[in-house]
Amino acid sequence: MPTEPLPELAPDFIPFATSALDFHRAINMPVAQVAAGRTELDSLHAHVLALYDVLDAHAVRTAPVAGAEGDHLRACRIRLWQAADHLHAAFHAAPRPGAGRLPSRETCRARLPEGAPELTVCQRHLATAARVRRDHTPADLRDPFTGLTRH
């Protein structure tokens, strides 16, 4: 049965993003052991969530037509959310600029340890978290291994 040819895609920018990350690592990462700063963690969090969005779009398109590939993309998407969750926690665990100290336990419990502009990482995280909770079960998100047992 003949299939219709795929539409012409726009130029792929993912190789450029990969090259930019490689360039960043080569130029900006010190050889000495230094903890990542809050700005770096915020940028990494934004990058991982952007990658989550790209994989989400691919998983949604792929799953109905290629089950095994869709399952792998879904598992990858879950892992990216877990990575973003850890980056969000690392951001809040990092010392604040100027003060050089960690937020108090009470401010962390209030879930608003900082104000603007630092709060943007939380806003980005919460906006994506709402989508993640709609698309995945709590068991999916906490599973240390996504299984992929269907294939």
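Hi everyone, let me start with a term: a crossing of two helices is left-handed if the near helix is turned anticlockwise from the far one by less than a right angle, and right-handed if clockwise. Keep that in mind, as it comes back for three helix pairs.

Before that, a word on what we have here. This is a predicted model, in which local features need pLDDT of at least 70 and side-chain atom pairs count only at pLDDT 80 or more, while totals for chains, interfaces and linings use all residues. Residues are numbered from 1 along each chain as its sequence is written, and side-chain values use heavy atoms, with hydrogens and water left out.

So what does the chain look like? There are 6 helices and 0 strands, and along the sequence the pattern reads α-α-α-α-α-α. Helices (H or I, at least four residues) and strands (E, at least two) are DSSP runs, numbered from the N terminus. The chain has 151 residues, and 25% of them count as buried. Buried means under 20% relative accessible area, exposed means over 50%, and partly exposed is in between, using a 1.4 Å probe and protein chains only.

Now to the packing. Two packed helices are described by the angle between their axes and the distance between the axes. Axes are lines fitted to C-alpha atoms, for helices over the stretch in contact, and angles run from 0 to 180 degrees between N-to-C directions.

Take helix α2, residues 38-62, and helix α3, residues 67-93: their axes come within 9 Å and cross at roughly 160 degrees. That makes α2 roughly antiparallel to α3. Here are the cut-offs: under 35 degrees is roughly parallel, over 145 roughly antiparallel, 65 to 115 roughly perpendicular, and the rest oblique. The crossing of α2 and α3 is left-handed. Their contact has 18 nonpolar, 6 polar and 6 charged residues. In this scheme Ala, Val, Leu, Ile, Met, Phe, Trp, Tyr, Cys and Pro are nonpolar, Asp, Glu, Lys and Arg are charged, and the others, Gly among them, are polar.

Next, α3 packs with helix α5, residues 120-135, at an angle of about 150 degrees, with the axes 11 Å apart. So α3 is roughly antiparallel to α5, and this crossing is left-handed.

How do α2 and α5 run relative to each other, parallel or antiparallel? Their axes come within 11 Å and cross at roughly 25 degrees, and α2 and α5 are therefore roughly parallel. The crossing of α2 and α5 is left-handed.

Let's zoom in on some residues. F91 is in helix α3 and counts as buried, at 3% relative accessibility. Its C-alpha atom is separated by 5.7 Å from that of L41, although the two are 50 residues apart along the chain. R38 lies over the face of F91, at 4.2 Å from the ring centre. A charge sits over a ring if NZ of Lys or CZ of Arg is within 6 Å of the ring centre and within 35 degrees of the ring normal.

H88 is found in α3 too, and is buried, with a relative accessible area of 16%. The C-alpha atoms of H88 and D42 are separated by 7.7 Å, with their positions 46 residues apart along the chain. A57, in α2, is partly exposed at 43% relative accessibility.

Finally, how many aromatic pairs does a search of the whole structure find? The search finds 1. Rings of Phe, Tyr and Trp (its six-membered ring) pair if their centres lie within 6.5 Å; planes under 30 degrees apart count as stacked, over 60 as edge-to-face and the rest as tilted. The rings of F13 and F16 have centres 6.4 Å apart and planes at 40 degrees, so the pair is tilted. Both F13 and F16 are exposed. Thanks for listening!
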